[in-house]
Structures are given as C-alpha cells and as structure tokens.
Amino acid sequence: MAPATSRSAENPNRWSCFLPASGSGGLDDKERARPTSFFLHGGDLMDTVTVLRARNTFGPATYAVVGKHISKDGTIKPLQKQAAWEVHTYEINDLDGFYDLLLEVSKTNHSILLRGKFNGGNHLHCRRNKENFASISKNWMMVDIDKLRALEGMKPDSDEAILYAIQQLPTEFHDADCIALFSSSAGLAGEKIKLHLMFWLEEPQDDNTLRRWASSTNDLVDFRLFNSVQPHYVTDPTFEDPSMDPFKDRSRLTYLRKNRRTVPVWFLEDFKTPTPSKIDPKPLGVLNHAGAGTAGPTSSTGKLIDNRE
C-alpha cells in the first residue's frame, strides 16, 4: 500500500518532512578568479563536493548550457560534449550543506557535480577525466532511480512517489534524512519514477563499494554514478513550451527530514573491497546480496516513520 503524504506548512526545522526549495538566482558568475573552495555550514569538515561549470572556449567568463532542453514533441535534446570546465570545490559537513549547495546549482543551466576530488592545476580550464579528478571515499551519495514504476494510481512526480522510491532501498535508508530531486524527464516518462535521492552515510564509502552494491539492485539504482568523473546532473531543464513543465508551479527539489541524520552502512558489508589480509584465495562465488538491507542490532524496525502523524 502506498504511503500517505502531505507537505508541512511549518517553518523548517529538524523534524519537518518536506521542505520546498526556496531562494532565487544561481551561482555567482561575476568573478572568474574567485577562490575555488567554498565552505558551507560550520563544524568539522567531513566532505567535499566538486562543482564544474561548463566554460565556453571563447569569451570572457561565459558559460555553456549543460542542462537538458525538452522540445514541444517531448524529445530531449542530447547534451553537447563539453571540453573545458571551470572547477570549484565546496566543503560541507552534513546534508544541510549539500542542500544549500543544490539550491544554488539547480537554478543554473551550466553546472554539474562530481564525486571526484580535483587534483590541482588550472581550475579555470580543465578537462573532465580521471587524471584530473581522483576517486576518494565520500559521506554523501546520490542514488539515481530511473526505471522504477509507480504504483497504480500514484503520480510518478509526487511526494508519494518519493516515499515509495525510498522504501525500495535497503531498510537503513528508510528513516534517514534525504534530499530528493526529480530529474529532467520526471512527469514526462509515463509511469516511471525519475528521481535523484541524496543521503549522508554514517561513514565515508569508496566508489567501488557503492558501485558493486548498486549493481546488485536489479536496475533499481544506476551504478554508473559511482565514478570520480561521472556527471551528476542537478540543474533544472528548459522547455521549448514552458506549459509542458510538470514543475512549472513547484520545485523539483525537496528536503525530507526524518529521525536519523545519517544512513548506517551495514548494507554495504558484502560489497566492500577486501584488504590483502582478508582476501579469500578460493574463487569468489556469486554475491547472494540482492540489495535489500541487513539491519544491525540497533536499526529501525523497517516501519517508515516520517513524522506525518
């Protein structure tokens, strides 16, 4: 049975469930030479997010469009291959900092996110490759859901669809804070739910571990996102006919606040890269983990608690 949903009209606080995105404008494009590192939220630094802006080859401080464009017949214009990027690094220590960043980046049409860490060099003109961006463990993760079908009677671009998608993930995710961002084709793909879900893991995890886990979920989660140079598209699309936009009167971005700030990482135990001392000399068998979480002794009972009672 589908979970009931309703949006909170209260002021944002720790226990509210859905916080509509607010704010206006995009990233400040006035100064090319601004510092490449920005800090969001106080406390001890725990993580970084790499933001790339698509640089035009010619012209002072001008940027190319990387957001998707949808024509009147519903076709999505293919994204152009971008050769030069401007690199910015944001330092964050929790999901709140990630949300603040998304509020800004999602309103631009020239920026993408990466998991990889910039190795240094010319941050005003950089190629997106593994030579320039290293794979490092991260607390934040984006879960890309692209093929999940909504239940009968459920709108695939609704709050209800967000909760339903989260319930398909391991139980460790069910009671954790989450940022939800409907993708460019959300609401235009029939009954399919097109959604990005962002979480903060209790401990940093490497790309290989997360990729192996995602590969075990029977196409529920796109494994390709766990790569140092894989683009994370988070900008709003543009429409040839704006009236076609299912989100023309509302935001694609939502902050779900639950009872946990972080996601326990028990569900990843079967997928972690073994250390040399722990490698089994015998041939590896087929993993028997189907993507469902294995809850630890202090985990949630599995009941979805979203403070809507």
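1. A salt bridge here is a side-chain nitrogen of Lys or Arg within 4 Å of a carboxyl oxygen of Asp or Glu. By that yardstick, the structure holds 12 salt bridges. Keep in mind while reading that this is a predicted model. Below I go through some of these pairs, then the cores, then a few loop residues.

2. Start with arginine 257 and aspartate 96, whose closest N and O atoms are 3.2 Å apart. Arginine 257 sits in the segment after strand 13 (253-256) and aspartate 96 in helix 1, so this pair ties together parts that are 161 residues apart in sequence. Are the two partners buried or exposed? Arginine 257 is buried, at a relative accessible area of 11%, and aspartate 96 is buried too, at 13%. Both values fall under the 20% limit for "buried".

3. That pair also belongs to something wider. Asp96, Asp177, Arg257 and Arg261 are joined into one network by salt bridges that share partners. If you want to trace it in the viewer, Asp96 and Arg257 are the two members already introduced above.

4. Next comes aspartate 146 with lysine 194, where the closest N and O atoms are 3.0 Å apart. Here the link runs between strand 9, which holds aspartate 146, and strand 11, which holds lysine 194, so parts 48 residues apart in sequence are tied together. The two ends sit in unlike surroundings: aspartate 146 is partly exposed at 32% relative accessibility, whereas lysine 194 is buried at 11%.

5. Strand 9 takes part in another bridge as well. Lysine 147 and aspartate 219 meet through their side chains at 3.9 Å, N to O. Lysine 147 is in strand 9 and aspartate 219 in the loop between helix 3 and strand 12, so the pair ties together parts 72 residues apart in sequence. Lysine 147 counts as partly exposed, with 49% relative accessibility. Aspartate 219, on the other hand, is exposed at 54%.

6. Aspartate 219 deserves a second look for its backbone. What is its phi? About 70°, a positive value even though the residue is not a glycine. Asparagine 218 also has a positive phi, near 55°, and is likewise not a glycine. Most residues other than glycine have a negative phi. Asparagine 218 is found in the loop between helix 3 and strand 12, and that loop holds aspartate 219 too. Asparagine 218 is exposed, at 66% relative accessibility.

7. Now for the inside. The largest nonpolar core has 37 residues, and Met141, Leu169, Leu197, Phe199 and Trp213 have the most contacts within it. Strand 9 (138-149), helix 2 (159-167), strand 10, strand 11 and helix 3 each give this core at least two residues. Which element supplies the largest share? That is helix 2, with 6 residues.

8. Leucine 197 gives a good view of how that core is packed together. Setting aside neighbours within four places in sequence, leucine 197 is in contact with Met141, Met142, Val143, Ile145, Ile162, Ala165, Ile166, Leu169, Cys178, Ile179 and Ala180. Apart from the core of 37 residues there is another core, of 22 residues, which includes Ile92, Phe98, Leu102 and Leu113.

9. Back to the loop between helix 3 (207-215) and strand 12 (238-239), which also holds phenylalanine 226. Unlike the exposed asparagine 218, phenylalanine 226 is buried, with a relative accessible area of 0%. What does phenylalanine 226 touch, not counting residues up to four places away in sequence? The list is Arg115, Met141, Met142, Asp207, Leu210, Arg211, Ala214 and Val221. For methionine 142, which is 84 residues away along the chain, the C-alpha atoms of the two residues are separated by 8.5 Å.

10. Two more loop residues to round things off. Threonine 108 is in the loop between helix 1 (95-105) and strand 6 (111-114). It is buried, at a relative accessible area of 5%, and a polar atom of its side chain lies 2.9 Å from the backbone oxygen of valine 105. Glycine 190, in the loop between strand 10 (178-182) and strand 11 (192-205), is exposed instead, at 52%. The C-alpha atoms of glycine 190 and alanine 150 are separated by 9.2 Å, with the two residues 40 apart along the chain.

Key
Residues numbered from 1 in each chain as written. Predicted model: local features only at pLDDT ≥ 70, side-chain atom pairs only at ≥ 80, totals over all residues. Heavy atoms only, no water. Helix = DSSP H or I, 4+ residues; strand = E, 2+ residues; numbered from the N terminus. Buried < 20%, exposed > 50% of the residue type's maximum accessible area, 1.4 Å probe, protein only. Contact = heavy atoms within 4.5 Å. Polar contact = N/O pair within 3.5 Å; in protein donor to acceptor, adjacent residues only side chain to side chain. Core = buried A, V, L, I, M, F, W, Y, C linked by side-chain atoms within 4.5 Å.
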